[in-house]
Structures are given as structure tokens and as C-alpha cells.
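Let's take a tour of the empty spaces in a protein, and of one helix tucked inside it. Have the sequence and the 3D view ready.

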Amino acid sequence: MLSDRILNMGISKTLEMTAKARKLKELGYNVINLSVGEPDFLPPSFILKAAKKAIDKGYHNYTPISGYLELKKMICKKFKRDNNINYSNSQILISNGVKQSIINLFLALLNKNDEVIIPAPYWVSYYEMVKFCQAKPIIIPTTIKSNFKITYKQLKNVITSKTKIFIFNSPCNPTGCVYSKNEIKTLVKILSKNPKIIIISDEIYEYIIYEKKHISIASFSAIYNQTVTLNGLSKSFSMTGWRVGYLGGPEWLTKACEKIQGQTTSCVNSIAQRASIVALKYNQKKILKKILNSFKKRRNLIITFFKEIPTLKFKSPDGAFYLFIDISFFNQSSNNFSMHLLNKYFVATVSGESFGYKNGLRISYASSKKNLFEALFRIKKFLNEFFFF
């Protein structure tokens, strides 16, 4: 008999959609997958060479649970160089992707009925992970008008004596919104007045920003001691399958997460860690310049397309590689919208219901221009079932 915990947990809709798209492809259908959050570029050659070198040098054994010391030192340098945050080696924990970093934190912090504040739209797993830990997700809804950002008043109004965690995600998955320095400063005012609240800042899309600048919330000294900063190499270096994520935060909390990891997965893959040491020596902004230009062109391509459809509402994303559109014209659920688009026109997207925004649809443009042109052609045919444009 399965536990109540697992019976109450939903399936990751992004992974579920990707699996359905893969199954249709295996059956011979020409499926274009715009549901996956994965860059379609290879990791830089110097990373591949570093991994091969690590194999040849015999890095095949278990590493310390928290990761190689050399990698932790490099992460500290990266945080100082790129984020203006000072962390010591003992404040760093390397995990199997940022997803493991998050569940480690939740398991370390949350008791039954504790409250976790999550702005919506949110990344799909935040909500389910909080429920898994028997805590309560407290959702702050946002709108296109606010560019999917929360306000000081909204945050202040949901804080209670039971609030344990505030989730902050900029650049945001699924909306692509990026908080400015002044917008973050406003949130810091209320968070600093509530020092018992732990801020978990998910910054995995840090380097995929177009016109704006990334600001780490932990760089504000007033809330440094209550903030955990999460990042990894999956998006910035196209190393999704390598599963290297990391966190920097208060030492007492890092050690608690290390304790959990020691009893579950233990260390991260040794070869991937050695390659990550080399990766973080480089300035990601310079390496990503070509890739960022490519993402920007793709973003502009799909924005131009959807601007021709007055019924759809959206904001041009400032970061990440998703367009999040409002499909409230559709008189059925967004789940039905995305499934119809997949089953009839073989284009995989993710419904907004998965992100806490029932009238939304997330489209990933981490795909080739050729695929995007074909996908947009099919979407146009699909939309013609409801109206002409």
C-alpha cells in the first residue's frame, strides 16, 4: 500500500509532457517538443575535454558528500565575481541538480503545516515539494499587467507566524520576468523585518538575460543571513544531464542539507564535478554571448508571430527561454489546450495550470529556428479552429 505522501503528490507536468511527446515520436509522428526546459546546444568543448581528462586521471571514486573542495572554492569565487556574495567553502553544498538542493532545503526546514510563500506562476516542482513535506504552499497570484511580479503589499499580506520560507525565482520559469534592483530592494524591506523567514533564491537562469541585469537577492546585506542562493550548470553550460547544482547559504543550514544528502544520494558524479571546476573558471557571459544572441533571435521570432494574434496576451520575456501566454479566450482548461495541440498537431507545450496560472501556456524556444517555424505554422492552424487572423 502506497503512502499518503506519494498518493498526494502530482506528476511533474513538464516531464510528463516531454514523455508523451517522446512516445508519439517513437510511434513515428513528427513531434516538435516545445515543452522541455533544455538548451539545444552542446556543452563547450573545453568542458567535454575536462571530463575526458578526469576519466583518464582516474577520478572514479566517491567524493566528499558536499563535493570536491576545489569545486567549492571555484563556486565561492563565482559567487563573489558574478553576484557580489561572499560565501566560505563550508557554506557550499553541491547536489544532483538544483532540484535536489530545493528538496534538501525543504526537508531540512519544514514541519507539518509550516507555510511556504510562492509567487505564481511558479516552477512546477515547488508546489508539489512543499506538499510532500506536509507544509502549506501559500500562493501569491500575479498578472500580465504586473509583468508577473509581486508587490511589497502582496508579500506583507501573506506573511504569518507560520511562514517558514519565501521562494524567489528571477529570471523566472515559466514567465521569463526579471526583477530589477529597486524591485528586489522593496521586497528586502519586508523580508528583513522577518528574519526567521528563509529566502530560497533560485537563480538557475542567471546568465540567460537579454536586456536587463541579474541581481542576487543575497547581495543585500540586510537579508544575507537568511538567504540561500541556488544555481547550477544545466542552463548556462547546456549540462542538463550532468546533474550539477549547488547552493550557498548559512552554514547551519548547509550542514543540515548535507546530512540529508548523506543519507540519500551521497555525492554528485565525480567526473561531472571535475568538469564543473573547469567550467566555472570561465566567465559565463563571454561563453554564452553567441548562444544568448541565438535565444534572442528565437524569442523575437515567436513574439512577432504572437503579436499578430490580438486575442492572446503576453509579455516579452526578459530572461530564460520561455514565452508564457494567456489563453483565456479558450473556453476549456489550458490542459485541454496543450493536449489538443499535441495530439492533433504534434506540438508539445506545457499548460499554465501546472504553474499555478490556469489560463496560461508555456512555450519553450530552446529549439532550432527550423523547428520553431514549423511549430508556429501548426499552432496557427490550431488557432484557426477558433478564430481567423
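Here is a short briefing on cavities, pockets and a buried helix.

What you see is a predicted model, where local features need pLDDT of at least 70, side-chain atom pairs count only at pLDDT 80 or more, and totals for chains, interfaces and linings use all residues. Residues are numbered from 1 along each chain as its sequence is written, and side-chain values use heavy atoms, with hydrogens and water left out.

**Some words first**

- Rolling a probe the size of a water molecule over the atoms shows where empty space is left.
- On a 1 Å grid over the protein atoms alone, a cavity is a set of points where a 1.4 Å probe fits but cannot get out, while a pocket is an open set with protein on both sides within 12 Å along at least five of seven lines.
- Lining residues have an atom within 4 Å of a point.
- Grid points are joined across faces, edges and corners, and a volume is the space filled by probe spheres set on the points.
- Helices (H or I, at least four residues) and strands (E, at least two) are DSSP runs, numbered from the N terminus.
- Ala, Val, Leu, Ile, Met, Phe, Trp, Tyr, Cys and Pro count as nonpolar, Asp, Glu, Lys and Arg as charged, and the others, Gly among them, as polar.

**Closed spaces: the cavities**

- You can find three cavities of 30 Å³ or more here, and the largest has a volume of about 110 Å³.
- Of the 14 residues lining the largest cavity, Pro119, Pro121, Ile167, Asn169 and Cys172 lie nearest its centre.
- Two elements, β3 (115-120) and β5 (163-169), give two or more residues to that lining, and β3 gives the most, with three.
- The lining of the largest cavity has 12 nonpolar, two polar and no charged residues.
- The second largest cavity holds about 40 Å³ of space, and its lining is made of nine nonpolar, no polar and no charged residues.
- Among the residues lining this second cavity are Phe306, Phe337 and Leu383, with β13 (360-364) and α13 (369-383) each supplying at least two.

**Open spaces: the pockets**

- The largest pocket offers about 900 Å³ of space.
- It takes 39 residues to line the largest pocket, and Leu15, Val36, Gly37, Glu38 and Lys235 lie nearest its centre.
- Elements giving two or more residues to this lining include α5 (97-109) and α6 (124-132), but α2 gives the most, with seven.
- Its lining is a mix of 15 nonpolar, 15 polar and nine charged residues.
- In the second largest pocket there's about 490 Å³, lined by 20 residues, with Asp82, Lys213, His214, Ile215 and Lys285 nearest the centre.
- Both α4 and α11 (284-307) supply at least two residues to the second largest pocket, and α11 has the largest share, five residues.
- That lining splits into six nonpolar, six polar and eight charged residues.

**A helix on the inside**

- Nine of the 10 residues of helix α10 (residues 270-279) are buried (under 20% relative accessible area, 1.4 Å probe, protein chains only), so α10 is largely enclosed by the rest of the structure.
- The buried ones include Ser270, Gln273, Arg274 and Ala279.
- Part of their cover comes from α3 (45-56), α4 (69-83) and β2 (92-95).
- At the N-terminal end, Asn269 acts as a cap for α10, with a side-chain oxygen 2.9 Å from the backbone nitrogen of Ile271.

Conventions: Buried means under 20% relative accessible area, exposed over 50%, partly exposed in between (1.4 Å probe, protein chains only). Contact means heavy atoms within 4.5 Å. A polar contact is a pair of N or O atoms within 3.5 Å; within protein, one must be able to donate a hydrogen and the other to accept it, and residues adjacent in sequence count only if both atoms are side-chain atoms.
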